[in-house]
Amino acid sequence: ARGAAVFQRHIALIPVILYNFSLVGGFSAPKITSVLDATGYLTGAPEAALKRLTDTGRFVFDIAEAGALRPWQPGWKAALRVRAKHARVRRLLRKRGWPEVPLNAADVMVTQLAFSYNVIVGLEIILGSALGAHEASAYLALWRWAGALLGLPDEANACADGLPAAKAWLESYVVHQLHPTALSQRVAHHLLDAPAAVAHRGDSEQRRRVFKYNAQLTRLLIGDALGDALDLPFCVASRRRALRSLRFLRVYGRLCRLPLLGSVLGLVHRTAAALVLRPPLWLARLVGATRRLGVSPAADPARARGCPM
């Protein structure tokens, strides 16, 4: 419960960390990108990739709601659905003659680290200060139980033995597995471009601006060395915009930690996230009707010329 509260308190910052830091950085591991490429997960059409990102966001949101990991609650069900999906993919790839067991315990563990320890590191980078020991331990406890539901025994559960052990697990994986290939570069570029490709369809200039901005935001979080290895473009103007965004998130994140104001902002964030990730029927129908009419952000010239944010 305390771990879920940490997520709720930082819910405005965590999506940026998961998208620009954990996911893109994780694609530097050829083992992960080869499975993604073989299954088409996140590597298909931009619309499909964006839907997968939304599905992942919904999964994390379900996991980190208060009480959601109790039996038969939304997070508990979501974790078991993902576990079953991993089993289906594992069986499919083994039938295709995959040379080793795909989505094994080590692969699931590093995904667990991307959602747990990586988020703690990302919050430290954005906020400019470390989370308190109690908050960090509580957040790891949340993902320890989520990892158990995903099928990880304690000896392969990166969150089972506290922060030092989680850090050691991650560093070991980085040293042995994070060696970007041409496929890693292609998947990273595709993922960073997918939101702009959908939002600015038909406006190639605005699409390039958003992609460059996302690339610079990612570089600031994962470091330029890994950004170079992933062949992410460097653009001074986009870098400045990304720096301004991170400075704003630092101030905003600190405001979210204030007792009274943080509670109000947290309620607003949770409501907005729920509307996006679990839209009510009337909103889903409205969005569907808008798409059928061909209305999109790029259809409005004023918005198409606006800021990529």
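Q: How many of the residues of the chain count as buried?
A: Burial is judged residue by residue, from how much of each residue is left accessible, and a residue is called buried when its relative accessible area is under 20%. In this predicted model, 43% of the 309 residues of the chain count as buried. The chain as a whole exposes about 15700 Å², and carbon and sulfur atoms supply 62% of that area.

Q: Which secondary-structure elements does the chain have, and what radius of gyration goes with its 309 residues?
A: The chain has 16 helices and zero strands. For the overall form, one can set the radius of gyration beside the value expected for a compact globule, which for 309 residues would be near 19 Å; the chain has 19 Å, so the two agree. Along its principal axes, the C-alpha trace spans about 55 × 55 × 40 Å.

Q: What share of the contacts joins residues at least 24 apart?
A: Here one counts contacts in the chain between residues at least 6 apart in sequence, and 70% of these join residues at least 24 apart. Separation along the chain can also be set beside separation in space for a single pair: P153 and D224 are 71 residues apart along the chain, and their C-alpha atoms are separated by 35 Å. P153 belongs to the loop between α8 (133-149) and α9 (162-177), where its relative accessible area of 34% makes it partly exposed.

Q: Is helix α7 enclosed or open, and why?
A: A helix can be read by asking how many of its residues are buried, and in α7 (residues 117-127) this holds for eight of the 11, so the helix is largely enclosed by the rest of the structure. The buried residues are Y117, N118, V119, I120, G122, L123, I126 and L127. An α-helix has 3.6 residues a turn, so residues three or four places apart point the same way. The buried residues of α7 pack against α2 (14-26), α6, α8, α9, α11 (204-222) and α13. Just after the helix, G128 takes a positive phi of about 80°.

Q: Which residues other than glycine have a positive phi, and are they buried or exposed?
A: Two cases can be taken in turn, beginning with L103, whose phi is near 50°. L103 is found in the loop between α5 (74-95) and α6 (105-115), and its relative accessible area of 16% makes it buried. D231, which is not a glycine either, has a positive phi of about 60°; D231 is found in the loop between α12 (224-229) and α13, and at 47% relative accessibility it counts as partly exposed.

Q: Where is there a nonpolar patch on the surface, and which residues make it?
A: A patch is read by asking which accessible nonpolar side chains lie together, and in this chain V251, L255, L258 and L261 make one of about 310 Å². L258, one of these residues, is found in the loop between α13 (236-256) and α14 (259-277). With a relative accessible area of 43%, L258 is partly exposed, and it therefore passes the requirement of over 30% that patch residues must meet.

Q: What pLDDT does the chain average, and where is the pLDDT below 50?
A: The chain averages a pLDDT of 87, and 91% of the residues score at least 70. Over residues 296-309, however, the pLDDT is below 50, and in the model this stretch has 21 contacts beyond near neighbours in sequence.

Conventions: Residues numbered from 1 in each chain as written. Heavy atoms only, no water. Patch = residues over 30% accessible without salt bridge, like charges linked within 9 Å, V, L, I, M, F, W, Y side chains within 5 Å. Areas by Shrake-Rupley, 256 points an atom, 1.4 Å probe, with all protein chains shown as cover. Salt bridge = Lys/Arg side-chain N within 4 Å of Asp/Glu carboxyl O. Helix = DSSP H or I, 4+ residues; strand = E, 2+ residues; numbered from the N terminus. Buried < 20%, exposed > 50% of the residue type's maximum accessible area, 1.4 Å probe, protein only. Rg over C-alpha atoms; globule rule 2.2 N^0.38 Å. Contact = heavy atoms within 4.5 Å. pLDDT = per-residue confidence, 0-100.
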